[in-house]
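Let's take a walk through a protein together, starting with the whole chain and then stopping at a few places along the way. Keep the picture in view as you read.

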Amino acid sequence: MPPTTSQTILVVEDEASIASFVSLYLKNAGYAVETAANGAEALQRLGAATPALIILDLMLPDVDGVELCRRVRQRWDVPILMLTARDEDVDKIIGLEVGADDYMTKPFNPRELVARVKSILRRATPERRERESDVLRHGELAVDAGRREVRVGDDEVQLAPKEFDLLWELLDHKGLVLTRDQLLERVWGYTFAGDTRTVDVHVRQLRRKLGDASPIVTVWGVGYKVAPSRDAVNA
Ligand code: CA
C-alpha cells in the first residue's frame, strides 16, 4: 500500500549502482527519493529540506557514516536506517549512542529494505507518543515515555532509540516472557521473522548501560522478560 502523500527518503550512498536500485524500489513503493553521494552533500540536502527518513551508508568517501549519523542526530529528529558491508559493524551502529533506528547488512534484499523503511516510518508517527505521561518504574529504574528519559536513582542513562523502546516494551509486560520474534515485531515493527540477533545485541547493551539496575531476565531458549521486582514502586 503506497503512502497517501509522498514522503521523501534521502539515500546517502556513494556506490551509484546501490543508490539507484534502492531508489528504484523506494519509488515503486510510492516514496519520493533524493540521493547524496557523500556526507557533505547529505548535510547540504538536509539543510534545504528534512526528509521523512535517511538511508545512510556506513562507508562514505568523505566522512564516516557513524560520525555523520551523530551529526545528523544533533540537529534533526529524523529516523535513520544504516547500511553496512560488514556484520561486525552492527554493534558499532546500534550499540553506541549513534542513534540509528535500524541497519541492514549488504548484500540485502531490496524488498526487505522497503519493508523496514515502512515499519520505521509507521513507528515514527505521533500515535506512539500517546502514552506520553507514563512513567514505568522497577526498583531504582524509572523510564519516562514522554521525555524518553531513563534514570537509575538520580542518574540519567543515555539509551539509543531502540534500546529505549525495547526496555519500555519489556517493562510494560512485566512478568510476561516475550520471544525474540515478538520483540522484533513490537519494537522494530517487523511482521516477518527477522534477524533476532538484533534483539540480543540490544539486550546486551541495555545490561551494560543499566548495570545492576537492569531488570531484564533471559528465559533460556524462549526470550526475555522483566521479573516483578521485590521493591517495585508504582508511579
Ligand atoms: Ca559506500
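## A guided tour of the chain

Let's begin at a spot on the chain called Glu 15. This residue counts as partly exposed, at 36% relative accessibility. One thing to keep in mind from the start is that you are looking at a predicted model.

Glu 15 has a partner: Lys 106 forms a salt bridge with Glu 15, and their closest N and O atoms are 3.2 Å apart. Where do Lys 106 and Glu 15 lie along the chain? Lys 106 sits in the loop between strand 5 (102-105) and helix 5 (110-123), while Glu 15 sits in the loop between strand 1 (8-12) and helix 1 (16-28), so the pair ties together parts that are 91 residues apart in sequence. Is Lys 106 buried or exposed? With 14% relative accessibility, Lys 106 counts as buried, because buried means under 20% relative accessible area.

Now step back and take in the whole chain. The protein chain has 8 helices and 12 strands. It holds 235 residues, and buried residues make up 46% of them. Its exposed surface comes to about 11,800 Å², with carbon and sulfur atoms supplying 48% of that area. You can also ask how the contacts are spread along the sequence. Taking contacts in the protein chain between residues at least 6 apart in sequence, 60% join residues at least 24 apart.

Next, find the calcium ion. Which residues coordinate the calcium ion? They are Asp 14 (OD), Asp 57 (OD) and Met 59 (O), at 2.0 to 2.4 Å. Along the chain, the donors of the calcium ion follow the spacing D-x42-D-x1-M. Two of these residues make a nice contrast: Asp 57 counts as buried, at 2% relative accessibility, whereas Met 59 is exposed, with a relative accessible area of 57%.

From here, move along to helix 6, which covers residues 161-172. Helix 6 has 12 residues and reaches 16 Å from its first C-alpha to its last, close to the 16 Å expected at 1.5 Å a residue. How many of the 12 residues of helix 6 are buried? The count is 10, so helix 6 is largely enclosed by the rest of the structure. Among the buried residues of helix 6 are Phe 164, Leu 166, Leu 167 and Trp 168, and charged residues such as Lys 162 and Glu 169 are on that list as well.

Let's look at those last two in turn. Lys 162 is found in helix 6 and counts as buried, at 4% relative accessibility. Its side chain reaches the backbone oxygen of Val 187 at 3.3 Å. Leaving aside neighbours within four places in sequence, Lys 162 is in contact with Asp 101, Val 187, Trp 188 and His 202.

Glu 169 has a charged partner of its own. The side chains of Glu 169 and Arg 186 meet in a salt bridge, at 3.8 Å from N to O. Glu 169 lies in helix 6 and Arg 186 in helix 7 (residues 180-188), so this pair ties together parts that are 17 residues apart in sequence. Glu 169 is buried, with a relative accessible area of 13%, while Arg 186 is partly exposed, with a relative accessible area of 30%. Elsewhere, salt bridges that share partners join Glu 13, Glu 15, Asp 57 and Lys 106 into one network. That network brings back the Glu 15 and Lys 106 pair from the start of the tour, along with Asp 57 from the calcium site. The count of salt bridges comes to 17.

Our last stops are two strands. Asp 144 is found in strand 7 (residues 141-144) and counts as buried, at 13% relative accessibility. A polar atom of the Asp 144 side chain lies 3.0 Å from the backbone nitrogen of Arg 147.

Glu 156 lies in strand 9 (residues 155-157) and counts as partly exposed, at 39% relative accessibility. Not counting residues up to four places away in sequence, Glu 156 touches Glu 149, Val 150 and Arg 151. Two of these form a pair themselves: Arg 151 forms a salt bridge with Glu 149, with their closest N and O atoms 3.4 Å apart. Arg 151 counts as partly exposed, at 30% relative accessibility.

Note on methods: Residues numbered from 1 in each chain as written. Predicted model: local features only at pLDDT ≥ 70, side-chain atom pairs only at ≥ 80, totals over all residues. Heavy atoms only, no water. Donors = N, O, S within 2.8 Å, 3.2 Å for Na, K, Ca; no water. Buried < 20%, exposed > 50% of the residue type's maximum accessible area, 1.4 Å probe, protein only. Helix = DSSP H or I, 4+ residues; strand = E, 2+ residues; numbered from the N terminus. Expected span 1.5 Å × (residues − 1). Contact = heavy atoms within 4.5 Å. Areas by Shrake-Rupley, 256 points an atom, 1.4 Å probe, with all protein chains shown as cover. Salt bridge = Lys/Arg side-chain N within 4 Å of Asp/Glu carboxyl O. Polar contact = N/O pair within 3.5 Å; in protein donor to acceptor, adjacent residues only side chain to side chain.
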